[in-house]
Amino acid sequence: MAAFALAATVRQDRWQAASGRPEVFNLFTKATRIGPDGPPDSVRAARRAGYRDPLAPHRAIVGPDAHTPWYIRFRAVVLLILIVAAIGAGIAGVTLLLIASGRFFLELLAG
């Protein structure tokens, strides 16, 4: 049976070890996690810590404040029409090729 790795590395609490007090077993202060603390608890705490989101100007705005400019909507409609027209022309071209080649082979067989 394989042994599973621990989820977090633990070590003895530095403050208790450096205080010179006798060690008393306490489940909650005996070990601490090693690694990053994670994200701030609130926006206010993040601002106090100097946290800055570098991608904030590029994030999508959602909800009632989201507005799409008219030229982006117009571009989307034009591109959609071009894509549908290209697919239709492709299907029509393949159909024409099949019909023309079928007539040609029929003429060859008829002699």
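This is a short walk through the fold, its last helix and the aromatic residues at the start of that helix. The model is predicted.

Start with the overall layout. The protein chain holds three helices and two strands. Read from the N terminus, the order is β-α-β-α-α. Little of the chain is covered: of its 111 residues, 4% count as buried. The exposed surface comes to about 11000 Å². Carbon and sulfur atoms supply 67% of that area.

Now follow helix H3, which covers residues 70-110. It has 41 residues. From first C-alpha to last it reaches 60 Å, close to the 60 Å expected at 1.5 Å a residue. How many of the 41 residues of H3 are buried? The number is zero, so H3 lies largely in the open. Just after H3 comes Gly 111, with a positive phi of about 85°.

Go back to residue 70, where H3 begins. Trp 70 is exposed, at a relative accessible area of 66%. The cut-off for exposed is over 50%, so Trp 70 qualifies. Tyr 71 also belongs to helix H3.

These two residues form an aromatic pair. A pair of aromatic rings is described by the distance of the centres and the angle of the planes. For Trp 70 and Tyr 71, the centres are 6.0 Å apart and the planes stand at 90°, so the pair is edge-to-face. The whole structure has two aromatic pairs.

Trp 70 and Tyr 71 are also part of a nonpolar surface patch. Its other members are Ile 72, Phe 74, Val 78, Leu 79 and Leu 82. Together the patch residues have about 760 Å² of accessible area.

Key:
Residues are numbered from 1 along each chain as its sequence is written. This is a predicted model: local features need pLDDT of at least 70, side-chain atom pairs count only at pLDDT 80 or more; totals for chains, interfaces and linings use all residues. Side-chain values use heavy atoms; hydrogens and water are left out. Rings of Phe, Tyr and Trp (its six-membered ring) pair if their centres lie within 6.5 Å; planes under 30 degrees apart count as stacked, over 60 as edge-to-face and the rest as tilted. Buried means under 20% relative accessible area, exposed over 50%, partly exposed in between (1.4 Å probe, protein chains only). Helices (H or I, at least four residues) and strands (E, at least two) are DSSP runs, numbered from the N terminus. The expected span of a helix is 1.5 Å times one less than its number of residues. Patches are made of residues with over 30% relative accessible area and no salt bridge: like charges are joined within 9 Å, nonpolar side chains (Val, Leu, Ile, Met, Phe, Trp, Tyr) within 5 Å. Accessible areas come from the Shrake-Rupley method with a 1.4 Å probe; for residues, only the protein chains shown count as cover. A salt bridge is a side-chain nitrogen of Lys or Arg within 4 Å of a carboxyl oxygen of Asp or Glu.
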